[in-house]
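Me: I would like to go through this model term by term and ask what each label rests on. Please set the values against the cut-offs wherever a conclusion depends on them.

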Amino acid sequence: MVIEKRALFNIGRNYCKLIAWLDEHNIQYFENDRYDETTIDLEEYSHIQGLKESVIDSLFLGNFISLNEKETLQNKNINTLLFWR
């Protein structure tokens, strides 16, 4: 049984910027029906060594998560990121 561990981020006005950035960097995501929540399933990237960390590093470098959030994601077994506006 897999226990889902989620990290929640309130991205506010940067939501559209995040979507454009994810598209540009070919990072797979899912949007809800109202287009106000975006989910990134990190499990999709955990099968290739270093890819999950690369996605997290990219989100940090894109200024979508803070250094503290990046370190928390790397130290915990988080498998889903949820961004909402």
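The turns below take up the labels for this predicted model.

Me: Why is the pair formed by Phe9 and Phe83 called stacked?

Reply: The ring centres of Phe9 and Phe83 are 4.9 Å apart and their planes make 20°; because centres within 6.5 Å count as a pair and planes under 30 degrees apart count as stacked, the label applies. Both Phe9 and Phe83 are buried, and since Phe9 belongs to strand 1 and Phe83 to strand 4, the pair ties together parts that are 74 residues apart in sequence.

Me: What makes the pair of Trp21 and Phe64 tilted?

Reply: The centres of these two rings lie 5.3 Å apart, and the planes of Trp21 and Phe64 stand at 55°. Stacked requires under 30 degrees and edge-to-face over 60, so a pair that meets neither condition is classed as tilted. Trp21 sits in helix 1 and Phe64 in the loop between helix 2 and helix 3 (67–75), so that distant parts of the chain, 43 residues apart, are linked, and both residues are buried.

Me: How do you know whether Lys70 counts as buried or exposed?

Reply: Lys70, which lies in helix 3, has a relative accessible area of 16%; because buried means under 20%, Lys70 is classed as buried. Leaving aside residues up to four places away in sequence, Lys70 touches Ile56, Asp57, Phe60 and Ile65.

Me: Which residues touch the most other members of the largest nonpolar core, and which helix gives the most to this core?

Reply: The core has 22 residues, and those touching the most other members are Leu22, Ile40, Leu59, Leu73, Leu81 and Phe83. At least two residues each come from strand 1 (6–10), helix 1 (15–24), helix 2 (51–61) and strand 4 (80–84), with helix 1 giving the most, 5 residues. Among the contacts of Leu59, not counting residues up to four places away in sequence, are Leu18, Leu22, Ile40, Leu81 and Phe83.

Me: What makes strand 1 and strand 2 the edge strands?

Reply: The open sheet has 4 strands in the order 1-4-3-2, with mixed pairing, and strand 1 and strand 2 (30–31) each pair on one side only.

Me: How do you know that strand 3 and strand 4 pair?

Reply: Strand 3 (residues 37–41) and strand 4 are joined over 5 bridges in the antiparallel sense, and because at least two bridges are needed for pairing, the condition is met. Glu37 stands opposite Trp84 in strand 4. Helix 1 packs on this sheet, touching strand 2, strand 3 and strand 4, and its direction makes about 35° with that of strand 3.

Methods: Residues numbered from 1 in each chain as written. Predicted model: local features only at pLDDT ≥ 70, side-chain atom pairs only at ≥ 80, totals over all residues. Heavy atoms only, no water. Core = buried A, V, L, I, M, F, W, Y, C linked by side-chain atoms within 4.5 Å. Buried < 20%, exposed > 50% of the residue type's maximum accessible area, 1.4 Å probe, protein only. Contact = heavy atoms within 4.5 Å. Phe/Tyr/Trp six-rings, centres within 6.5 Å; stacked < 30°, edge-to-face > 60°. Axes fitted to C-alpha atoms, helices over the stretch in contact; angles between N-to-C directions.
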